[in-house]
Amino acid sequence: MGNKKNNTDKPSVFSKIKKFFLDYKVEFKKIVWPTQKTVFKNTGVVLTMIFIMGIFVAALDVGFRGLLGLVMSVSSNIN
């Protein structure tokens with residue numbers, strides 16, 4: 001009666017899992033790992049940027065705290 005699909009057209013779950021791991025192995029071999037020198041250089045750049053951003057955020061904190069103190073002292077002088 002009609003278009004009955006065969007179960008043989010569809011790969012089994014186990015064959016899909018096997019294909020996944022075979023493809024994974026092939027792709028894993030294509031990875032180009034960085035050298036130790038590159039890793040240390042990039043780590044230095046990241047740590048330097050973290051330090052710079054920390055100083056920037058601390059400066060903003062001090063500035064906003066001072067500004068808030070100024071606003072609060074002006075408002076307390078009004079009363």
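In this predicted model, the side chains of Asp-23 and Lys-19 come together in a salt bridge, with 2.8 Å from N to O. The two residues are 4 residues apart in helix H1, which covers residues 13–29, and this spacing separates Asp-23 from Lys-19 by about one helical turn. Asp-23 has a relative accessibility of 37% and therefore counts as partly exposed, since that class lies between the 20% limit for buried and the 50% limit for exposed residues.

A search of the whole structure finds 3 salt bridges, and they are set out in the table that follows.

| Salt bridge | N to O distance |
|---|---|
| Asp-23 and Lys-19 | 2.8 Å |
| Lys-30 and Glu-27 | 3.3 Å |
| Arg-65 and Asp-61 | 3.0 Å |

The salt bridge between the side chains of Lys-30 and Glu-27 joins an exposed residue, Lys-30, at 53% relative accessibility, to a partly exposed one, Glu-27, at 46%. For Arg-65 and Asp-61, whose closest N and O atoms are 3.0 Å apart, both residues lie in helix H2 (residues 36–78), where a spacing of 4 residues corresponds to about one turn of the helix. Arg-65 is exposed, its relative accessible area being 54%, while Asp-61 is partly exposed, with a relative accessibility of 42%.

Aromatic contacts form a second group of side-chain interactions, and the structure holds 3 aromatic pairs. In one of them, the ring centres of Phe-20 and Phe-21 are 5.2 Å apart and the ring planes stand at 80 degrees, so the pair is edge-to-face; the angle that places a pair in this class is one over 60 degrees. Tyr-24 and Phe-28 form another aromatic pair, which is stacked, with 5.9 Å from centre to centre and 25 degrees between the planes.

How many residues apart are Tyr-24 and Phe-28 in helix H1? They are 4 residues apart, and so about one helical turn separates Tyr-24 from Phe-28. With regard to solvent exposure, Tyr-24 is partly exposed at a relative accessible area of 47%, and Phe-28 likewise counts as partly exposed, at 43% relative accessibility. Both residues also belong to one aromatic cluster, in which Tyr-24 and Phe-28 are joined by Trp-33.

The setting of these contacts is a chain that has 2 helices and 0 strands. Buried residues make up 0% of the 79 residues in the chain, and the accessible surface comes to about 8,100 Å², of which 70% belongs to carbon and sulfur atoms. Within that setting, helix H1 contains the salt bridge of Asp-23 with Lys-19 as well as the stacked pair of Tyr-24 and Phe-28, whereas helix H2 contains the salt bridge of Arg-65 with Asp-61.

Notes
Residues numbered from 1 in each chain as written. Heavy atoms only, no water. Buried < 20%, exposed > 50% of the residue type's maximum accessible area, 1.4 Å probe, protein only. Areas by Shrake-Rupley, 256 points an atom, 1.4 Å probe, with all protein chains shown as cover. Salt bridge = Lys/Arg side-chain N within 4 Å of Asp/Glu carboxyl O. Phe/Tyr/Trp six-rings, centres within 6.5 Å; stacked < 30°, edge-to-face > 60°.
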